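Work through the exercises below with the sequence and the structure at hand. Each task is followed by a solution in steps.

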Amino acid sequence: MLPSKRAVGAEAEHNNDLQVVAEVPHSHSHSHSHSHADVALKKPCLIFAAAASSSSSSSSSSSCSSSSATVAAKGNSRGAAANGESEWSIMGLGDGNGSRNDNSSEIDEDLHSRQLAVYGRETMRRLFASNVLISGLQGLGAEIAKNLILAGVKSVTLHDEGVVELWDLSSNFIFSEDDVGKNRALASVQKLQELNNSVIVSTLTSELTKEKLSDFQAVVVTNISLDKAIEYDEYCRNHQPPIAFIKTEVRGLFGSVFCDFGPEFTVHDVDGEDPHTGIIASISNDNPALITCVDDERLEFQDGDLVVFSEVSGMTELNDGRPRKIKNARPYSFTLEEDTTNYGQYEKGGIVTQVKQPKVLNFKSLCEALKDPGDFLLSDFSKFDRPPLLHLAFQALDRFLSEMGRFPVAGSENDAQKLISFVMELDNSSTDGKLADIDRNLLRHFAFGANAVLNPMAAMFGGIVGQEVIKACSGKFHALFQFFYFDSVESLPIEPLDPNDLKPLNSRYDAQISVFGAKLQKKFEDAKVFVVGSGALGCEFLKNLALMGVSCGDQGKLTITDDDVIEKSNLSRQFLFRDWNIGQAKSTVAAAATAAMNPRLRIEALQNRASPETENVFDDTFWENLSVVINALDNVNARLYIDQRCVYFQKPLLESGTLGAKCNTQMVIPHVTENYGASRDPPEKQAPMCTVHSFPHNIDHCLTWARSEFEGLLEKTPAEVNAYLNNPGEYASAMRKAGDAQARDTLERVIECLDKDRCETFQDCITWARLRFEDYFANRVKQLTYTFPEDAVTSTGAPFWSAPKRFPRPLQFSVDDPSHLHYVMAASVLRAETFGIPIPDWIRSPQKLADAVTRVVVPDFEPKKDAKIVTDEKATNLSTASIDDAAVIEELIARLENMRSKLAPGFRMNPIQFEKDDDTNYHMDMIAGLANMRARNYGIPEVDKLKAKFIAGRIIPAIATSTAMATGLVCLELYKVLGGGHKVEDYRNTFANLALPLFSMAEPVPPKVVKHQDMSWTVWDRWILKDNPTLRELLDWLQNKGLNAYSVSYGSCLLYNSMFPRHRDRMDKKLVDLAREVAKAELPSNRRHFDVVVACEDNEDNDVDIPQISVYFK
């Protein structure tokens, strides 16, 4: 049911500060008349705790016309509240996308799991206690506010004294044409509040005085004069504790950020990466000591890092926990600045772990930094000389505004010259030395676009600045120090713009028109765009495209497709979705939300996965009509498929991806750049199967094993049982036909499940779970250490249990160990689920569970003398084949038949599919329990359920800030693609890491050119052969190009190969007939061509890689 939407509170005076806090939309009732108690629950944002005045909570009406308005949330300390009333009772009362319960330190892990994977709990708690002020609610301020509200700060106060203008609609996703004339902050509060009802969103519409800044941990200003900014910054840095101050602006295709987090700001974690570790192989008794590590994985240490040692046998002096500095760091070794000559002799074992050090940053004030900016943060090394010039340009613009009382007019040469003269004066008065070169044309572009806030620039800078606020509030990641300037003048059309084309047309795109001109705006509106994916990237792209006016004209069309549905964990960054959309199709909801931002958007939402199976939906006509494709995908295979289609149909592809605070963008432009598939990342290293099953040495191995066991016990085996029971004859035949060790193992598991492991009561499930514990964590370990004792040696005489192997110890089950009991509870509940056994209420009582477990009889274990344990790291299967597999399978099938006759009619099991994002289903409880017990066996540090969820659930860390930045960068490239005619040096691929922060932009790589005689071609070329040719005509056509074809194939089928004499009989057959007869090709009636791959040699017998050939038969 949709929530009842209510109006925002009316304006009111409160110490002359006009503040309104948005209401929380309520998703359970449409009623508008509530009792007094109802109001307290359903309108939490109109209630204060101890600070509330009596009038503010006395109204029982649901209308917001009360004259009281709340003050912004106060908390005069970094982190937790200092005055006892700062933790407001209103937290968590919101029933929308809430992220907290009544206790603000509790984190809703289902909602914030992807963000927690980036920040960790401590950073999230600091965020939950942080109050932020954002001044200026044009496009940039709105983007910053969105990212911070999604992140879950305690409160965001929106300050703006101005009113919404049509001009603002180019960049602000909150405003509609109905908002024109309203105060910007008041028009924003309700829609921003909907993003996360656990954040207090309030407004300030009167003049911002520096005294009001004391309520905040961070202050962001986007649209104020330099004099005011200097005044605010001085107040913030001198406040105790200092308040982080950020000044940021977006002016056309130019942007700037300045950060001042105070005279001494401590960064607790400079990069957010886990501490690097290594497994020690040897340590010398030397000065300095040489440490070598096993060549399992390269070491990531750097000279000067501090490390600690643990578990070292022999040279135990190093186990004292004291951080030690390393030098001469190599991939598998390093030296220690320490004399170990008189230490004990190294024997074996040992782990070395990096100690991450906090870093103190000494920020300069804005006043000081303007005169002496220090090093600028660079983004593009081809523009290393730009930041000093833009440093002056933004100051010159401030002077222009103060003297003229307005921005330079787009296309006005007089205004541009005036701004350039101000830059020259500033340069001449500089005590730091004059600039070597002043690019007047760059400054003209700066002046012309100075009044425009463009959506892609706002999105990009909204991501960067949002991340800086999070750093300021938490100390997580290295702060931007201190100035960052950026421009994307390459996005401008290649032809000079006519000043008349830049004039406003009284349209919502006027700001964009003032930079790009009305002609190019028409191109944007008529574009046909395909956005693939509607997750975090997809939501941001749709918003950007709607505001840019892309596909909003009569000829335009935007197609969005995504086959996924909305889950709770999406809500912390996929900002078009609300909690009442959970379970609905992503593309449909996203399309409706985007159309509400710009009703002119011509959008069609589909729920088809773009893949070979849906080429009847995304057919040739669909692809041929597209202007551009934008990927918003989360996996490499889908990206490669879309890339292949774009190459085939010669369509530009704009590619991007994020991983935590990192993001990358890649432009794939026909005939200009290489395609996405031209370069691949190396595959992820997989642990050998024997390591995972018998010799784990890190928690990842334990969790990989735990998930594999979970799926085997609770999903695969029950599914096999059902497959057998559904069709016993067919199942038995399939097993006989397979006749291998794997089929034998499968049958044994099915029999075990239906025989000795079959459960009929909940006590049976507890017995099963307890005996599993004994098998996994006691018996298997006893068997392993019996087969390979601690002093075992290999065939070469080396110790068997040498690094990275860890010698395990069996566990002794105890009902007094909560982790043992919790594992039994999770395992027995899930086992009961597979057998359809009701779960009793007493399961959550530790005492009653302990009593039930105590009743289980655990048989004694005797190790086997001839047990086979796989130690070969290259082995891919733990099943060992034997010559009598077929006979054993026959015997097992007979046993299975016998068992089936004893089952109740219609008996079936309930296979359980692993679902990581439901904390109430016991899935992660069981997996974490399995992994931690195994870690305990091997002396590996254990992890909590959340960390286990990240690893076992293969959760991709994700945050709103890097997503916003990536899409902003891509849309700056979209201007170039739709403008047309840009060269490879105009485009930019980007890698960015907001944690460092690092921005690395470079022009894309051109496509590889193949040359043959006087011809040349690239991956973008496709040769076309018309008039329904025969095989001979194809070979002759190639022969005329100096190419000797020796193989022709369609799909995976060979139509011709010169080695097969009988293929010569096909010479005079039409290629289309060969495709239909030999390859059984089904060519739909609307298809006019098909493609063949031809292998060729030149006259010197060298292979020549030729383009795909399209054969037209109609």
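Two strands count as paired if DSSP finds at least two bridges between them. The model is a predicted one.

**Exercise 1.** Find the residue in strand 5 that stands opposite A218, and state how strand 4 and strand 5 run.

Solution.
Step 1. Locate strand 4 at residues 218-221 and strand 5 at residues 244-251.
Step 2. The partner of A218 in strand 5 is A244.
Step 3. Four bridges join strand 4 and strand 5, and the two run parallel.

**Exercise 2.** Give the strand order of the open sheet and explain why strand 3 and strand 15 each have one side without a neighbour.

Solution.
Step 1. The order is 3-2-1-4-5-6-15, seven strands with mixed pairing.
Step 2. Strand 3 (200-204) and strand 15 (483-487) are at the edges; each has a single partner strand, so one side of each lacks a neighbour in the sheet.
Step 3. From one strand to the next, the twist averages 15°.
Step 4. Helix 3 (residues 139-151) lies across strands 1, 2, 3, 4 and 5, at about 165° to strand 1 (131-135).

**Exercise 3.** Describe the lining of the second largest pocket.

Solution.
Step 1. The space in this pocket is about 1400 Å³.
Step 2. Its lining has 48 residues, and Q644, Y648, R1022, D1091 and Q1108 lie nearest the centre.
Step 3. Helix 15 (620-624), helix 16 (636-649) and strand 29 (1089-1097) are the elements that each give two or more residues to the lining.
Step 4. Helix 16 supplies the largest share, seven residues.
Step 5. By type, the lining of the second largest pocket has 21 nonpolar, eleven polar and 16 charged residues.

Notes. Residues numbered from 1 in each chain as written. Predicted model: local features only at pLDDT ≥ 70, side-chain atom pairs only at ≥ 80, totals over all residues. Heavy atoms only, no water. 1 Å grid on protein atoms, 1.4 Å probe; cavity = no way out; pocket = protein on both sides within 12 Å on 5 of 7 lines; lining within 4 Å. Points joined across faces, edges and corners; volume = space filled by probe spheres on them. Nonpolar A, V, L, I, M, F, W, Y, C, P; charged D, E, K, R; others polar. Axes fitted to C-alpha atoms, helices over the stretch in contact; angles between N-to-C directions. Contact = heavy atoms within 4.5 Å.
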